[in-house]
Amino acid sequence: MASNRSPLDRVLVLEMVRVTECAAMAASHLIGRGDEKEADAAAVAGMREALNGLDFDGTIVIGEGERDEAPMLYIGEKVGKRKEGAPKIDIALDPLEGTTITAKAGPNALAVLAIAEEGGLLNAPDVYMDKIAIGGGYEPGIVSLDKSVTENVEALAKAKGVPANEIIACVLDRPRHEAIINELRSLGCGIKLIPDGDVAAVIATTDPDTTIDIYFGQGGAPEGVLAAAALRCVGGQMQGRLVFRNDDERARAAKWGIADLDRIYTLEEMAKGDVIFAATGVTDGSLLEGVKHRRGGTITTESVVMRASSGTVRYVKSEHKREPAV
């Protein structure tokens, strides 16, 4: 008799938390030290070591680059014990989402990971992505990248039953977003400008306590796929469109089999099937508390882990007597 079990059933949810915990704790030693590259390298080393201790055959489809250049966890890298018969898993990751945040001891830096069955995550090149996202509870198609900022805000306001000027938008504070910010200002919307960390920002649209209604802007495609994986677990709407700025980036798209450069990807196209998403706070933020080093060598972490098939969201607070060796 054929089994209906998912390959993810053999990958314990809490194992994903241990992976992001290792990355977060490794990066935490560089908080406020002003060295983005060193912080990222530490997180990568911690995450790679943890992944290679797991009993699966993992392939990184969203990573830190497209070539095998240490210390990156690169697209196409194989991780896990990879024993015969081990489940084949696709992995999207960002060992340190917010390198600048960490270097400057700012809020919302995370270690982030998503896994899905083979073929379940968009295999996007490491380019920019236009993104729009809202939380759950709305009819499908309320927002779209084909609409203007004004059209999206007005549609969301109507669905929410409030005036447009009561909508709160979150946008990365970048010069490239000047037009979006100006249009939001003209509508009287509140704007939460963030220095980095758009995975946490997209997830924040699902939490009423943040008061954020919608996310707009252009950020990394890897972070877009990770955010989509999280929304698949907790509910919400999101669209993404890859942005190619030069011939080199267009060539990379062709390498990954992307023919339609203007395609708008839906949430389900970026993360389909069963998905597990995990994140651990590196610095304190709206989603999670950061790593804390206590007297006596104790380390505390806070993580969240979600699964699409069950809709389960678990917050995990851990106390570590010692940091895992890397």
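Is Y74 buried or exposed? Select Y74 in this predicted model, in the loop between β1 (57-62) and β2. Its relative accessible area is 17%, and because buried means under 20%, Y74 counts as buried. For orientation, display L51 as well: the C-alpha atoms of Y74 and L51 are separated by 13 Å, and the two residues are 23 apart along the chain.

**Stop 1: helices α1 and α2**

L51 leads to the next selection, as it is among the α2 residues that meet α1. Select residues 13-28 for helix α1 and residues 36-51 for helix α2. Their axes come within 7 Å and cross at roughly 150°. Angles over 145 degrees count as roughly antiparallel, so α1 is roughly antiparallel to α2. The crossing of α1 past α2 is right-handed.

Now show the side chains where the two helices meet. On the α1 side, select V19, T20, C22, A23, A26 and A27. On the α2 side, select A39, A42, A43, G46, M47, A50 and L51. Sorted by class, this contact comprises eleven nonpolar and two polar residues, with no charged residues.

**Stop 2: A27**

Remain in helix α1 and centre the view on A27. With a relative accessibility of 0%, A27 counts as buried. Apart from neighbours within four places in sequence, A27 is in contact with A39, A42, A43, L96, T102 and V282. Of these partners, A39, A42 and A43 also appear in the α2 side of the helix contact. Next, add T102 to the selection. A27 and T102 are 75 residues apart along the chain, and their C-alpha atoms are separated by 8.0 Å.

**Stop 3: S303 in strand β13**

Move to strand β13, residues 299-307, and select S303. This serine is buried, with a relative accessible area of 0%. Which side chain does S303 join through a polar contact of 2.6 Å? The partner is the side chain of T280. To see the wider surroundings of S303, display V17, E21, A279, T280, L288, R314, Y315 and V316, the residues in contact with it once neighbours within four places in sequence are set aside.

**Stop 4: K160 and helix α4**

Select helix α4, residues 149-160, and locate K160 within it. K160 is partly exposed, with a relative accessible area of 37%. A distance label drawn between the C-alpha atoms of K160 and A23 should read 38 Å; these residues are 137 apart in sequence. Beyond its neighbours within four places in sequence, K160 is in contact with Y138, I167 and D213. The side chains of K160 and D213 are joined by a polar contact of 2.5 Å.

**Stop 5: helices α4 and α5**

Keep α4 displayed and add helix α5, residues 178-187. The axes of α4 and α5 lie 9 Å apart and the helices pack at an angle of about 45°. The two helices are therefore oblique to each other. α4 passes α5 in a right-handed crossing. To view the contact, select V149, T150 and V153 of α4 together with I180, E183, L184 and L187 of α5. Its residues divide into five nonpolar, one polar and one charged.

**Stop 6: E249 in helix α8**

Select residues 247-255, helix α8, and centre on E249. Is this glutamate buried or exposed? E249 is buried, with a relative accessible area of 3%. Its side chain makes a polar contact of 2.7 Å with the side chain of R245. With neighbours within four places in sequence left aside, E249 is in contact with V127, V243 and F244. V127 and E249 are 122 residues apart in sequence, while their C-alpha atoms are 7.0 Å apart in space.

**Stop 7: two backbone angles**

Most residues other than glycine have a negative phi. The last two selections carry positive values. Select R82, in the loop between β2 (78-79) and β3 (88-97). R82 has a positive phi of about 55° although it is not a glycine. R82 is partly exposed, with a relative accessible area of 43%. Finally, select T211, in the loop between α6 (198-204) and β8 (214-220). T211, also not a glycine, has a positive phi of about 65°.

Terms used:
Residues numbered from 1 in each chain as written. Predicted model: local features only at pLDDT ≥ 70, side-chain atom pairs only at ≥ 80, totals over all residues. Heavy atoms only, no water. Axes fitted to C-alpha atoms, helices over the stretch in contact; angles between N-to-C directions. Helix = DSSP H or I, 4+ residues; strand = E, 2+ residues; numbered from the N terminus. Parallel < 35°, antiparallel > 145°, perpendicular 65-115°, else oblique. Left-handed = near helix turned anticlockwise from the far one by under 90°. Contact = heavy atoms within 4.5 Å. Nonpolar A, V, L, I, M, F, W, Y, C, P; charged D, E, K, R; others polar. Buried < 20%, exposed > 50% of the residue type's maximum accessible area, 1.4 Å probe, protein only. Polar contact = N/O pair within 3.5 Å; in protein donor to acceptor, adjacent residues only side chain to side chain.
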